[in-house]
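Here is a request to look at a structure and ask how its labels are earned. Each term is set against its cut-off.

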Amino acid sequence: MSEPMVQVHNVTKVYERGKQQVEVLHGLTLDIPKGDFVALMGPSGSGKTTLLNLIGGLDKPTSGEITVGGNRIDQLGSGALARWRAHNVGFVFQFYNLMPVLSAEANVELPLLLTKLSAAQRRKNVAVALEVVGLADRAKHKPRELSGGQEQRVAIARALVSDPQLLVCDEPTGDLDRKTADEILGLLQVLNKEHGKTIVIVTHDPKAAEFAQRTLHLEKGQLLEQAA
Amino acid sequence: MTRTGFVIANLFRKRVRTILTLLSVIMAFLLFGLLQSVNSVFSSGADFVGATRLFVQARVSFTTALPVSMVPKLEAIPGVVRVAYQQWFGGVWLPTNTPLIMFTLDPQRYHDVYPEWKMPEDQWQAFEHTRTGLIVGRQLAQQYGWKVGQKVPISSNIWPQKNGSKAWQFDLVGIFDGKDADWQKRTNLAFIQQDYFDEANQFGIKGRTNFFILKLAPGANAEAISKTVDAMFENSPDETKTQTEKDFNISFVKQIGDIGLIVRWILFAVFFTLLLVVGNTMAQSVRERIPELAVLKTLGFSDGSVLGFVLAEAFALVLLGGLVGLTLASIAGAMVEKQTGGQFLLELDRGVWLLGVAAIVLMSLAVGGLPALRARRLKIVDALAGR
Ligand SMILES: Nc1ncnc2c1ncn2[C@@H]1O[C@H](COP(=O)(O)OP(=O)(O)O)[C@@H](O)[C@H]1O
Ligand SMILES: [Mg+2]
């Protein structure tokens, strides 16, 4: 097997709800090799989003180790974790989460404000990212002037623009119709196959499995069988 | 796009709300600029530089009368060339019930002390020799269409005549103008003879006046003379307060009340209201884009950067409104200055601008601080999940 991109080792996650403690993940272990395209499925509340957030460094495990691209991200402080996210991981959400006041290209440029790139260099990278998602002609449009599928493409361009090796997507097609959903999944497949991105998507969509290389099932905070 | 561009784009996410808020900031700083410069006029110290005339009033208040018999003593002081005096008549133009700026005075003395007023010499003569004579400034004459030679009925809200009637009648014997644009703007005055007043008023008030005007010799030491005058009448029944024309004009307005205190209270109320208005705008604006702020953090912006974005927004809002408001205040101040012929120098001096900038910074922190801290504390996973 090729070298690992994501290593989750014996991770538990406990949320505090007032006085109550809820353990969502119970000693979960998972390896995702570089270049993989994993679909993470499972019933609502099984902990998919929780796991994805941990892999993407949005939250920290209660115990256990998480190594991504060779970095022990569970040990990073919040500032270092933010810097790590900026360079190593792209996020795509169900509701796109674009900045409504910014044009498509400005949305895509936003993560580059954290880099030392010149304005011209930023513009170039933005153009490339929009080209990749097939939205070069909509660069000046505001999110509300775009369809759901187009918004999601902008969001994918934003996730790509700083060239991270890992993309994590939480139900990226959950709000789209079948045809548009297939287009987005096809785009992710291209990013995986042609650009070598490692992709983890959480989905309820059984068809997503057809696009992914493999599917994992999470139930009550534990992984079931690993389908081929 | 830059970080600044991003802040400005966010500022105008709700255009109407931002503009309304901006207007309230502009209004507040306009008021601040005007009131603060009024205040600095009133709190400025005595300035004797270049004074050619001194005003002598009763120490308690210029509404307290002084005896005209002080004139020879004042005129004996070295450096004093000539002394005139004026008493408030409380004139009212009956047909429109409009108060007039009207004084009783000694025509000749006044003429000597105020060469700035231009009037044909025969009219000065007529004023001196007509017991019921009245002279008025050009503006006043134009306003009411008065012509030399006509009778002008004026009532006094202070002084009835011997027959008990408050309605006086004067003969208009002259119309004066100012020697230059500044003085021409002040020709809204009216003067009558002190002698006629002395004999015709009901209370038998004689030889009393509200203030003396000392005309100084060229190069005379105004400050020293003012001290000499006040020392001369110290511990007498008629203690005096002597100041320059400019300071006298200022203290005239000060009679209304403690200007500084009034100004402070108004500004306190204005800025307190502003705090609520802008604070509410900022809080609302942060509340309605919690998910967006969480996305910023997701993309790798630090907690500090997100705090910075919100603070910068508050600062941009208050700075823009503040600078516009202060600029409007300085324009308005310059207009007031022109209108009053330079009697009120309402320019925004450096002190007012500095205070204004300090107010802008403090106000930004006050209205942006809490929302910015809230944005900084935001936990990504909770915010994204709408918790
Ligand atoms: N920030 C949180 N605070 C408290 N409980 C949470 C939080 N996030 C998730 N949970 C709980 O953890 C469980 C798993 O949630 P989640 O990972 O979102 O599941 P999924 O994405 O599979 O639907 C749910 O019961 C949810 O209510
Ligand atoms: Mg979920």
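The questions and answers below go through burial, cores, the interface, salt bridges and domains.

Q: How do you know which residues the local features may use?
A: This is a predicted model, so local features need pLDDT of at least 70, side-chain atom pairs count only at pLDDT 80 or more, and totals for chains, interfaces and linings use all residues. Residues are numbered from 1 along each chain as its sequence is written, chains are lettered from A and ligands numbered from 1 in the order in which they are written, and side-chain values use heavy atoms, with hydrogens and water left out.

Q: Why is E292(B) called buried?
A: Buried means under 20% relative accessible area, exposed over 50%, and partly exposed in between (1.4 Å probe, protein chains only). E292(B) has 13%, so it is buried.

Q: What makes L98(A) a contact of E292(B)?
A: Contact means heavy atoms within 4.5 Å. Leaving aside neighbours within four places in sequence, E292(B) touches L98(A), M99(A), P100(A), N10(B) and R13(B). E292(B) sits in helix α12 (residues 290-298) of chain B. Helices are DSSP runs of H or I with at least four residues, strands are E runs of at least two, and both are numbered from the N terminus.

Q: What makes a set of residues a nonpolar core?
A: The members are buried Ala, Val, Leu, Ile, Met, Phe, Trp, Tyr and Cys residues, joined through side-chain atoms within 4.5 Å. The largest such core has 83 residues. L110(A), L166(A), F29(B) and L296(B) touch the most other members. Apart from it lies another core, of 36 residues, among them V133(A) and L176(A).

Q: How do you know how much area is buried between chain A and chain B?
A: Buried area is the accessible area (1.4 Å probe) that two parts lose on being put together, summed over both. For chain A and chain B that comes to about 2,000 Å², and carbon and sulfur atoms give 71% of it. In chain A, M99(A), V101(A) and L113(A) lose the most area to chain B, together 26% of what that side buries. The contact takes 23 residues from chain A and 21 from chain B.

Q: How many salt bridges are counted between chain A and chain B?
A: Zero. A salt bridge needs a side-chain nitrogen of Lys or Arg within 4 Å of a carboxyl oxygen of Asp or Glu. Over all chains, the count is 31.

Q: Why is the pair R138(B) and D177(B) called a salt bridge?
A: The closest N and O atoms are 2.7 Å apart, and the limit is 4 Å, so the pair qualifies. R138(B) lies in helix α6 (residues 138-144) and D177(B) in strand β10 (residues 167-178) of chain B, so the pair ties together parts 39 residues apart in sequence. R138(B) is partly exposed, at 26%.

Q: What makes E223(B) and K227(B) a salt bridge, and how far apart are they in helix α9?
A: Their closest N and O atoms are 3.6 Å apart, so they too fall within 4 Å. They are four residues apart in helix α9 (residues 222-232) of chain B, about one helical turn. K227(B) has 54%, so it is exposed. E223(B), at 37%, is partly exposed.

Q: How do you know where the domains of chain B lie?
A: The bounds come from an automatic or database domain assignment. It gives domain 1 (3-44 + 258-384) and domain 2 (60-238). Their C-alpha centres lie 49 Å apart.
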